[in-house]
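Visitor: Please give me a close look at the metal site in this model, along with the cysteines. I would like the residues placed in the chain as you go.

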Amino acid sequence: MKDYANNEIKINGCYGCAYAKHKFSIPCGMVYENEYLTISQDWELPINGWIVICPKRHIEKFDELTDEERNIVFKFVGLTTKYLKQIGISEYFSVEMEERKNIHFHISIIPKHSWMKEISSSWMDNIGAFTDYAKANLRTKKNFKDIETTVKKLSKLLKNEK
Ligand SMILES: [Zn+2]
């Protein structure tokens, strides 16, 4: 896997489990963790404020979350979108969960940046165009700095939440 800043990360086995155990990190650092979950910038995508909430336990499907885990995970989906709006990342977000075989379950909180509207007005059909655009055009020092700033601000806001 290449991280958002194009650094190679080599892990044997599941990346989600490895991240939960601090076996790798990305340049902007982790936003938040508690006993149930981690919150981070998307490891691979240089899109400011694209935040991933990942349960620490290895599951692949939404319905494998216990009631307790689901409540905590959704509480943090709510807090994260609220704080990202407060920081000024975007007014609207897409919250996505995709179940995939052998992929650690995670929830992506995706900001709707104005540059995305310039690529396409249709959201669902074009998420691949947004990620391709970001990988080709947004690996810049300025964008990496913006990502770090967002992570620091969000981390500060979430620090005392449980
Ligand atoms: Zn895993």
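**The metal site and the cysteines**

Guide: A starting point is S40, which is found in strand β2 (residues 37-41). Helices (H or I, at least four residues) and strands (E, at least two) are DSSP runs, numbered from the N terminus. S40 is buried, at 1% relative accessibility; buried means under 20% relative accessible area, exposed over 50%, and partly exposed in between, with a 1.4 Å probe and protein chains only. The model is predicted, with local features needing pLDDT of at least 70 and side-chain atom pairs pLDDT 80 or more, while totals for chains, interfaces and linings use all residues. Residues are numbered from 1 along each chain as its sequence is written, and side-chain values use heavy atoms, with hydrogens and water left out.

From S40 one can step to a cysteine: S40 and C28 are 12 residues apart in sequence, and their C-alpha atoms are 8.8 Å apart in space. C28 is also buried, because its relative accessible area is 10%. What is the distance from the sulfur of C28 to the closest cysteine sulfur? That sulfur belongs to C54 and is 14 Å away, so the pair is too far apart for a bond. C54 is in no disulfide either, and the nearest cysteine sulfur to its own, that of C14, is 7.4 Å away. C54 has a relative accessible area of 4%, so C54 counts as buried. The structure as a whole holds 0 disulfides, a disulfide being a pair of cysteine sulfur atoms within 2.5 Å.

C14 leads to the metal. The protein donors of the zinc ion are the SG atoms of C14 and C17 and the ND1 atoms of H58 and H104, at 2.0 to 2.3 Å from the ion. Donors here are N, O and S atoms within 2.8 Å of the metal (3.2 Å for Na, K and Ca), and sites may look incomplete because water is not among the atoms. The angles among the 4 donor atoms run from 101 to 115°, and the site is tetrahedral; four donors count as tetrahedral if all angles lie between 85 and 135 degrees. For four tetrahedral donors the ideal angle is 109.5 degrees.

Along the chain, the spacing of the zinc donor residues is C-x2-C-x40-H-x45-H. One pair among them, C17 and H58, links distant parts of the chain, 41 residues apart. C17 sits in helix α1 (residues 15-20), and H58 in the loop between β3 (51-55) and α2 (67-87). Are these two buried or exposed? C17 has 18% relative accessibility and so counts as buried. H58 has 35%, so H58 counts as partly exposed.

Two backbone details complete the account. H22 is in the loop between α1 and β1 (32-33). H22 is not a glycine, yet has a positive phi of about 60°. With 49% relative accessibility, H22 is partly exposed. N102, also not a glycine, has a positive phi of about 65°. N102 belongs to the loop between β4 and β5, and at 59% relative accessibility N102 is exposed.

Definitions and conventions. Four donors count as tetrahedral if all angles lie between 85 and 135 degrees; four count as square planar and six as octahedral if opposite donors are over 155 degrees apart and all others between 65 and 115; anything else is irregular.
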